[in-house]
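Dear colleague,

Please find the structure below, handed over for your own work. My account of what was found in it follows directly after.

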Amino acid sequence: MQVSSLNEVKIYSLSAGRSLPEWLSDRKKRALQKKDVDIRRRIELIQDFEMPTVSTKIKVSRDGQYIMAVGTYKPRVRCFDTYQLSQKFERCLDSEVVTFEILSDDYSKIVFLQCGRFVEFHSQHGHYYKTRIPKFGRDFSYHYPSCDLYFVGASSEVYRLNLEQGRFLNSLQTEASESNVCDINPVHFLFALGTAEGKVECWDPRTRNRVGLLDCALSSVTADTEIEGLPSISALKFDGALNMAVGTSTGQVLLYDLRSSNPLIVKDHHYGLPIKSIQFQHQLDLIISADSRIIKMWNKDTGKIFTSMEPEHDINDVCLYPNSGMLMTANEAPKMNIYYIPVLGPAPKWCSFLDNLTEELEENPESTVYDDYKFVTRKDLENLGLAHLIGSSLLRAYMHGFFMDIRLYHKAKMMANPFAYEEYRREKIRQKIEETRAQRVQLKKLPKVNKELALKLIEEEGEEQQFSKKRKQKNLPSLLKDDRFKVMFENPDFQVDEQSEEFRLLNPLVSKISEKRKRKLKILEELEAQGQEEEEEPEGKASDAESSESSDDEKGWVEEVRKQRKLLRQEEKLKRQERLKEDQQTLLKPQFFEIKEGEEFRSFKDSAKKQKLMKKTLEDRLKLEEKLGTLNVSDTTEPESIFVLIFQSEQQRKQQEAEKRHRQERKTLRRSASHLKSRRGRGRLFH
């Protein structure tokens, strides 16, 4: 039993799991149940609840005791008794069944509309009578007050067959070229039929006149929907006296109030497939609409999605068991699916144990594991060359990817990468070699940046670990494993410059220690390149050589510092000599400078001084000039001459303003003259 959940609504698939073939003996079946856990855990609610190839229609009798289904191949009808949880009978037919109707409360009166224009009647014992209609039929409805059967199909007429008199009556002439579906209201017995032109015609059976017409094709087109071609009516269902739901061939469901020509709600399935079935669930005010791909449950007042189901195979019909949470489907597969949704209602009386079973499962939830399916993303599908399968039944959309059959995935992977087995074999060999190498001395991988510093930290870490083991202390975290110092061993900007003056003076013994580390680095790099193991100790060298070298380093650290200083001085001298050679080799070219008018050139130093003086205040400049003796103060101007200069500048300003005004006046006069000329020219033309 599979459990799925959408919008916190749990759906239990009771027909999930493998089914055993009929020809197996009971002994073999018991042996398989012992061996296979999946077969042992499966729930077979009704024994052999399936068809040989395909099931097309499924219905429940009014008393709820019998479930009837039709399918192929060969064309047949099967009746299942819910009280016995097994098959009641099976009858084979001459041609495939388009649809059927149970006229009585039990299975004693059944009518079948078949492909070859035949209408076949069955009673409790079996076949009763067979007749034929003039055109191929697609649907029919039974009018209980008059005992009339209304047939619609590939004709503009609606054929009426009276079962009391046993003869055909005058047919109803419609405006449609063809009709697809029909239904009769159970309250006031209004007859409605859906046409291929996307219209719904309503007829009164008492007067045999048309009383209403709805253009559903026009109403189904909204701003959010994309429709290719003219939508025809593919499903029709009444709910109570006033409500009617209409399904179109382009995947829309329209809910109407019979008092209005405009739909209350337009719900789109977004698959572009014809609506196959419409059911009403009154306890939660839901509409259950289904196309060949998905079953959607949504609120009939708001249109909000309640939950949805996507079976493995295409859907042909949906049947809701009355007053319960059980749902049955006829599919393009032998097995007919049974779903139980506890939120919709309780389990039927004949399988009341389902309530206890689901309650126990809810108390002990288990994670769902898809063993037979592989989760793949869109990128994985492109790599496998299966991107064209998106939208088909082979892929099931889930979160950010899809579920696909594991067998199909393995086949596609083999086709996309035929050398996968060779790669797998090499990987296994490599893993075994690494397992054998793990027993030997393992090489420590060093980072690309600051390799010597990393080697130093590794050595210090090893010494600290030995020291902490002796004293039974906790090991401190390593800098190499600390995320805060990760960049120091990854970014080349943090590389330690060992040739800098500061580094060489602060680390006088770094030369000898670095030589040891450089040797180790060379050995590690060679081993990594050739894939060989590092030797534990070089031949011809005693183990106490390192201790003697460290003692020599401690004694001669002063000499090392002196050597470093001498080397630095020599390097500086060499640099100075190189600079002098470069200066001698460069030829000096003359440069020319421009002097402003009224200024005298003295020297470049005077110009620099002037720039410094210009930055100071007037008072500071006067004081400096007095100290230097360069200040010349000559007050030759008289107050009268100053006044004359101011007066002359004022007169010049007034004269300039007067000239501006004169120019503006002349411009305005020219514009007005040209305007008058143009008006006179227009007047002559009109005269």
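A residue is called buried here when its relative accessible area is under 20%, exposed when that value is over 50%, and partly exposed in between. His-143 has a relative accessible area of 8%, so it counts as buried. Please bear in mind that this is a predicted model.

His-143 belongs to strand β11, which covers residues 137–143. Its side chain is joined to that of Ser-146 by a polar contact of 2.5 Å. If neighbours within four places in sequence are set aside, His-143 is in contact with Asp-148, Tyr-150, Ile-184, Phe-189 and Pro-205. A further distance concerns Leu-190, which lies 47 residues from His-143 along the chain: the C-alpha atoms of the two are separated by 9.4 Å.

A second residue that I examined is Asn-180, located in strand β15 (residues 179–184). Is Asn-180 buried or exposed? Its relative accessible area is 17%, and because the limit for a buried residue is 20%, Asn-180 is classed as buried. The side chains of Asn-180 and Arg-138 are joined by a polar contact of 2.8 Å. Arg-138 also appears in the list of residues in contact with Asn-180 once neighbours within four places in sequence are left aside; the others in that list are Asp-139, Val-152, Gly-194, Thr-195, Ala-196, Ser-232 and Ile-233.

As to the chain as a whole, the protein has 15 helices and 32 strands. Of its 687 residues, 34% are buried. Where contacts between residues at least 6 apart in sequence are considered, 45% join residues at least 24 apart.

Turning to charged pairs, how many salt bridges does the count give? The count comes to 13. Three of these pairs are described here, together with the accessibility of each partner.

Asp-239 and Lys-300 form a salt bridge in which the closest N and O atoms are 3.3 Å apart. This pair links distant parts of the chain, since Asp-239 sits in strand β19 (residues 233–239) and Lys-300 in the loop between β25 (295–299) and β26 (305–309), with their positions 61 residues apart. Asp-239 has a relative accessibility of 7% and is therefore buried. Lys-300, at 16%, also counts as buried.

Arg-210 and Glu-201 form another salt bridge, with 3.8 Å between the closest N and O atoms. Here the partners fall into separate classes: Arg-210 is partly exposed, with a relative accessible area of 35%, whereas Glu-201 is buried at 2%.

In a further salt bridge, the side chains of Asp-405 and Arg-407 meet at 3.0 Å, N to O. Asp-405 is partly exposed at 25%, while Arg-407 reaches 58% and so counts as exposed. Elsewhere, Arg-76, Arg-78 and Glu-90 are joined into one network by salt bridges that share partners.

The last topic is internal space. Rolling a probe the size of a water molecule over the atoms shows where empty space is left. The structure holds two cavities of 30 Å³ or more, and the largest cavity contains about 100 Å³ of space. Which residues line the largest cavity? They are Ser-292, Arg-293, Glu-310, Pro-311, Glu-312, His-313, Asp-314, Ser-392, Ser-393, Leu-395 and Arg-396. By type, this lining divides into two nonpolar, four polar and five charged residues.

With kind regards

Note on methods. Residues numbered from 1 in each chain as written. Predicted model: local features only at pLDDT ≥ 70, side-chain atom pairs only at ≥ 80, totals over all residues. Heavy atoms only, no water. Helix = DSSP H or I, 4+ residues; strand = E, 2+ residues; numbered from the N terminus. Buried < 20%, exposed > 50% of the residue type's maximum accessible area, 1.4 Å probe, protein only. Polar contact = N/O pair within 3.5 Å; in protein donor to acceptor, adjacent residues only side chain to side chain. Contact = heavy atoms within 4.5 Å. Salt bridge = Lys/Arg side-chain N within 4 Å of Asp/Glu carboxyl O. 1 Å grid on protein atoms, 1.4 Å probe; cavity = no way out; pocket = protein on both sides within 12 Å on 5 of 7 lines; lining within 4 Å. Points joined across faces, edges and corners; volume = space filled by probe spheres on them. Nonpolar A, V, L, I, M, F, W, Y, C, P; charged D, E, K, R; others polar.
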